[in-house]
Amino acid sequence: MDSNRHPHLSSEFEEELSELRSKLLLMASKVEGLIATVIEALVDRDSSKAEGVIVRDKEIDALEKEVDELCIRILALRQPAATDLRHITTALKVVTDLERMGDLCVNIAKAAIEVNREPLLKPRYVDIPNMAVAARDMVRRSLDAFVREDPELAKEVVVSDWRVDRLNDRVFQELLTHMIANPEAIGVATRLLFVARHLERIADHATNVAEQVIFMVMGDDIRHQKAKLRAEMQAEAARRGAADREDGALPPH
């Protein structure tokens, strides 16, 4: 923060930043809740839960508007510079990713309503619930990284995206095999493929948030560099492990 800013204005600015963080955390919490509920709607074949997700998404849309208005007010009245400016512009990007996650939950809810009208698919939804758990975890940790301004946690989120990608590939292969063996299930299996794709996109948006946190704190643009980042983190973990073994903290492999 600008050290020359009047203390009164600095206090007001900090309060506005705190309000901004709180609203973003609330949005993320609501997105996590939608992900959990919509997968329950699918697995439990409870279309009323899916309909509730569609209604609750409006809460996320309303919060998006509130965050946008707050950011614009801060930019207009406080004229932040340097780190403060990066924080506000990052928040504007984060809120867009969160709103799109909510939209993807609505897409899953609509697919669940259609799937629930069809005979139960065997095997039951393969790894889709596992994808949802992984995506929720990425959403939570990416917003934690933003609030804590923690680039290391953000890096962990970025490299963890491969787990969701791998599950998505497995879902595709399993459902494709099932469709070949059971042509009558093509309709419902295709909808489940879209559900998996939507979950994969939610994980991508969480990755976007994490990448934006890294840029906000460090000024490093790591977009499209997940493989490089993963290799660097693995190398660093190996170095730390070797150092710990030398100190007697860890047993040798």
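# Exercises on a seven-helix predicted model

The side chains of R197 and E200 form a salt bridge, with N and O 2.3 Å apart (a salt bridge is a side-chain nitrogen of Lys or Arg within 4 Å of a carboxyl oxygen of Asp or Glu). The model is predicted, so local features need pLDDT of at least 70 and side-chain atom pairs count only at pLDDT 80 or more, while totals for chains, interfaces and linings use all residues. Residues are numbered from 1 along each chain as its sequence is written, and side-chain values use heavy atoms, with hydrogens and water left out.

## Exercise 1. Salt bridges inside helix α6

Task: state how R197 and E200 are placed along helix α6, and classify the burial of R197 and of E200.

Solution.
- Step 1. R197 and E200 are three residues apart in helix α6, so about one helical turn separates them. Helices here are DSSP runs (H or I, at least four residues; strands are E runs of at least two), numbered from the N terminus.
- Step 2. R197 has a relative accessible area of 41% and is partly exposed. The cut-offs are under 20% for buried and over 50% for exposed, with partly exposed in between (1.4 Å probe, protein chains only).
- Step 3. E200, at 8% relative accessibility, is buried.

Task: do likewise for the salt bridge of R201 and D204.

Solution.
- Step 1. The N to O distance between R201 and D204 is 3.0 Å.
- Step 2. Both residues lie in helix α6, three residues apart, about one turn of the helix.
- Step 3. R201 is partly exposed at 27% relative accessibility, whereas D204 is buried at 15%.

## Exercise 2. A salt bridge between helices

Task: find which helices the salt bridge of R78 and E16 links, and decide whether R78 is buried or exposed.

Solution.
- Step 1. The closest N and O atoms of R78 and E16 are 2.9 Å apart.
- Step 2. R78 is in helix α2 (residues 47-78) and E16 in helix α1 (residues 7-43), 62 residues apart, so the pair links distant parts of the chain.
- Step 3. R78 counts as buried at 17% relative accessibility, and E16 counts as buried at 10%.
- Step 4. The count of salt bridges comes to 16.

## Exercise 3. Surroundings of K23 and R141

Task: list what K23 touches beyond its sequence neighbours.

Solution.
- Step 1. K23 lies in helix α1 and is buried, with a relative accessible area of 17%.
- Step 2. Neighbours within four places in sequence are set aside; K23 is then in contact with E66, V67 and L70. Contact means heavy atoms within 4.5 Å.
- Step 3. E64 is 41 residues from K23 along the chain, and their C-alpha atoms are separated by 8.8 Å.

Task: do likewise for R141.

Solution.
- Step 1. R141 is in helix α4 (residues 128-148) and is buried at 15% relative accessibility.
- Step 2. Residues up to four places away are not counted; R141 touches L153, E156, V157 and S160.

## Exercise 4. Packing of α5 against α6

Task: describe how helix α5 and helix α6 pack, using the distance and angle of their axes.

Solution.
- Step 1. Two packed helices are described by the angle and the distance between their axes.
- Step 2. The axes of α5 (residues 151-181) and α6 (residues 186-218) come within 9 Å and cross at roughly 170°. Axes are lines fitted to C-alpha atoms, for helices over the stretch in contact, with angles from 0 to 180 degrees between N-to-C directions.
- Step 3. Therefore α5 is roughly antiparallel to α6 (over 145 degrees; under 35 is roughly parallel, 65 to 115 roughly perpendicular and the rest oblique).
- Step 4. The residues of the contact divide into 22 nonpolar, three polar and seven charged. Nonpolar covers Ala, Val, Leu, Ile, Met, Phe, Trp, Tyr, Cys and Pro; charged covers Asp, Glu, Lys and Arg; polar covers the others, Gly among them.

## Exercise 5. The whole chain

Task: how many helices, strands and disulfides does the structure hold?

Solution.
- Step 1. The secondary structure comes to seven helices and zero strands.
- Step 2. There are zero disulfides (a disulfide is a pair of cysteine sulfur atoms within 2.5 Å). C71 is buried at a relative accessible area of 0%, and C105 is likewise buried at 0%.
- Step 3. Of the 253 residues of the protein, 45% count as buried.
- Step 4. Among contacts between residues at least 6 apart in sequence, 81% join residues at least 24 apart.
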